[in-house]
Amino acid sequence: MAEQETTTSAASLEELLTERFGLSEEALSEARRIQSEKGGSLGDILVRRKALSEVQLQEARSALYGLPFWRTLPLERLKGDFTEKVPIGYLKRYLVVPLEMPPDEPTGEGPAAPGGEGGNSRGAGVVLAINDPSRFPMVDDLARLLELEHWEVVLATRNAILDAVNMAYDLTRDSAEQLVQDMEEDGSDILDEIEESADLLDDTSDAPIIKLVNHIISQSVKARASDIHIEPYQDSFKVRYRVDGILYDLLTPPKWIQPALTSRIKVMAKLNIAEKRLPQDGRINVKIGDQEVDIRVSTIPTSFGERVVLRLLNKSGALFQLSDLGLVPEQRRQLEALIKSPNGIFLVTGPTGSGKTTTLYAILSSINKPDINIITVEDPVEYQIKGISQIQVNPKIDLTFARGLRSIVRQDPDVILIGEIRDRETADIAVQSALTGHLVFSTLHTNDSASAITRLVDIGVEPFLISSSVLAVAAQRLVRRLCDACKEPFKPSDAVLKTAGISPQDLTDGRLYRAKGCPKCFNTGYRGRVGIFEIMVMDDALRNLILETYDSNRIKAEALRQGMTTLRQDGIAKVIAGISTIEEILRVTRV
């Protein structure tokens, strides 16, 4: 049970918080009530209820206990040898971490105390950063465990301590290459099935294959990878990961490790490890530090063994808002007007991995209000959104998009999201729902917005139903965003500008930006991705044209006459703004 502040210090803390930070009596009374019922620290209860920030709480504790408060911790000075002596769970439970300090540096303001306040003038070989000063017995226990003779104590925030703990244990993990070298040449004895750990950083298993798989997953999450590929060849196999849409080599282990690595992943995903002739799909849920990661596992048989792909979905990441997608102001105004429509179909098109689902989730989040009933049918449900009913497609029990949709329309929805329109039955129900007063969002796999009309007709939807029900079609792609820390300006040649269709008059100072590479972006020159969009709004001219023809070229030509911005044009605007590069735009929009 968490230790409570003593009566005297608690009273003093309350006075400090009230006088210095304007804590209201109502918030204090409610926190006292919760403390009397459930126990715990009064300060932590106030932070959890957002009555004050953790920084304010730590500043008050600093003044009360006479301890320095460090807003950030010098992670380069982690005392690395403690990971072998102290379990990670102990440090996370009591929120304490040791740091090495050169003996000639004080633990007050200055280089030894970034963002710190107060302190003393004595030097300290080791500083113990703690979150709750009432937990001094745990500090003494840790000092005895580490055999410390002299140490100083400072206060730090919960997240700062957790980041330091996770980094320390991550740094002391063996590298993937070292783990492979440590394995014996016979992999037959390393296929032991053990229960997966709740937190990969907590997994202390000595089995080399388990350590290798944990390392591959944790390094991929750290690099912001979306996928891990395990690819078998005749005499070798590769482990690669996809970061910002591009595949990079992570590891090339010896061929004999392949069956053990594949079997370990299949055990974690609860797949049949004896079945190597048929494709299989499964899921793994893991924690890496404070991040929850959902992993979708897919295996297929090849001539040289099973090929495995792991799709990583970080559940700890916040949902995108419309402002985060990369829409220019005009496009955002168009989109905000469209999603306020009482009925109709809004389609998002693009290839796999182009961010269609992310865009639809951002739209749903923006219209998600208590007075609107939103129901989705998805395959799979990638993010849980509070206040929205989400249905997971399950073909094994015949719960298809069409069957889910037929049930949804009897649930009195205002807004319906269909993960993907794949067949005529789903398309017909979507159209009928739109015509009977529902706002429907869905995705299609087509190259541009105009091709979506052709695709719907090809599926079997009548052109007059399309012209009556479709509000707009948005095509999108994802381009890599230049790393802000290292992007460099350059003066492009006339030939480069001509290739991209950029006029010299459009440039500020005649300059564009290009990728350089630094440690922050893993020397790629890019960090993160941003969307480029083409929004085709259905007006009367387009509706009449669809009744005459469903030729995508003619539809696109008419949309351009109405002022539609193409994917290429939107991408070039982002190049001129210094967000991405010409190479990136040409890569994703090349016809």
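Of the contacts (heavy atoms within 4.5 Å) between residues at least 6 apart in sequence, 65% join residues at least 24 apart. The model is predicted: local features need pLDDT of at least 70, side-chain atom pairs count only at pLDDT 80 or more, and totals for chains, interfaces and linings use all residues. Residues are numbered from 1 along each chain as its sequence is written, and side-chain values use heavy atoms, with hydrogens and water left out.

Start with the whole chain selected. Its 591 residues are 50% buried, meaning under 20% relative accessible area with a 1.4 Å probe, protein chains only. About 28500 Å² is exposed, 49% of it from carbon and sulfur atoms; areas come from the Shrake-Rupley method with a 1.4 Å probe. Coloured by secondary structure, the chain shows 21 helices and 18 strands. These are DSSP runs numbered from the N terminus: helices are H or I of at least four residues, strands E of at least two.

Next, select 96-100 and 152-155. These are β1 and β3, the edge strands, each pairing on one side only, where pairing requires at least two DSSP bridges between two strands. They belong to an open three-stranded sheet with the order β1-β2-β3 and mixed pairing. Neighbouring strands are turned by 30° against each other on average, direction ignored; axes are lines fitted to C-alpha atoms, for helices over the stretch in contact, and angles run from 0 to 180 degrees between N-to-C directions.

Add 126-130, which is β2; five bridges join this strand to β1, and the two run antiparallel. Zoom to L99, which stands opposite V127 in β2.

Finally, select 136-145. This is helix α6, packed on the sheet and touching β1, β2 and β3. The helix direction makes about 145° with that of β2.
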